[in-house]
Amino acid sequence: MIGRYLDRGDMFVLEEDSVKCIAVVTDEGNGVVELKNLATTPSAQRKGYGKKMVQFLMNYFAEKADVMRVGTGDSPLTIPFYEACGFEYSHQINNFFTDHYPEPIFENGKQLVHMIVMEKRLR
């Protein structure tokens with residue numbers, strides 16, 4: 001899936017002695033940017049790097065877009081994270097992970113099936 005959008009996205013890297021977090025954001029048009037990928041290295045997780053990256057991205061894109069969107073799995077780990085960053089539920093894409101990935105994806109012991117789309121107004 002990353003190969004489908006990487007060439008049309010902007011990649012951001014947060015470093016502090018080493019890479020802590022990376023993100024890819026795409027311009028979806030009509031004032032909407034989408035946070036397509038956010039990954040924090042395992043040793044840097046739960047230390048605030050992901051939230052710092054999201055806050056940086058919201059500030060960076062505030063002059064270029066009205067809304068930032070993110071699609072995530074229906075997971076008790078990621079949904080509260082994005083809510084804490086100010087994102088709100090927009091809609092659900094049923095069967096996204098089972099339709100678009102050849103192998104099942106599990107997060108915290110739960111298979112991801114539906115994509116939850118969340119949005120944050122930037123201005």
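A surface patch, as the term is used here, is made of residues with over 30% relative accessible area and no salt bridge, and nonpolar side chains are joined into one within 5 Å. The structure is a predicted model, in which the chain averages a pLDDT of 93 and 95% of the residues score at least 70. Its strands include six that form an open sheet of mixed pairing, and a nonpolar patch is found on the surface.

**Confidence**
- Within the chain, confidence is highest in β8, at 98, and lowest in helix α1 (residues 2–5), where the mean is 63.

**The sheet**
- The six strands follow the order β1-β2-β3-β4-β8-β5, and the edge strands, β1 and β5, each pair on one side only.
- From one strand to the next, the twist averages 30°.

**Strand pairs**
- Strand β2 (residues 18–29) and strand β3 (residues 32–40) run antiparallel and are joined by eight bridges, with Cys21 having Thr40 in β3 as its bridge partner.
- Strand β4 (residues 67–73) runs antiparallel to strand β8 (residues 115–121), with seven bridges between them, and Val67 stands opposite Arg121 of β8.
- Strand β5 (residues 88–93) also pairs with β8 in the antiparallel sense, over five bridges, and here Glu88 has Glu119 as its bridge partner in β8.

**The nonpolar patch**
- Met11, Val13 and Val19 make up this surface patch, and together they have about 250 Å² of accessible area.
- Met11, which is found in strand β1 (residues 9–16), has a relative accessible area of 48% and is therefore partly exposed.

Notes:
Residues are numbered from 1 along each chain as its sequence is written. This is a predicted model: local features need pLDDT of at least 70, side-chain atom pairs count only at pLDDT 80 or more; totals for chains, interfaces and linings use all residues. Side-chain values use heavy atoms; hydrogens and water are left out. Two strands pair if DSSP finds at least two bridges between them. Helices (H or I, at least four residues) and strands (E, at least two) are DSSP runs, numbered from the N terminus. Patches are made of residues with over 30% relative accessible area and no salt bridge: like charges are joined within 9 Å, nonpolar side chains (Val, Leu, Ile, Met, Phe, Trp, Tyr) within 5 Å. Accessible areas come from the Shrake-Rupley method with a 1.4 Å probe; for residues, only the protein chains shown count as cover. A salt bridge is a side-chain nitrogen of Lys or Arg within 4 Å of a carboxyl oxygen of Asp or Glu. Buried means under 20% relative accessible area, exposed over 50%, partly exposed in between (1.4 Å probe, protein chains only). pLDDT is the predictor's confidence in each residue, from 0 to 100. Axes are lines fitted to C-alpha atoms, for helices over the stretch in contact, and angles run from 0 to 180 degrees between N-to-C directions.
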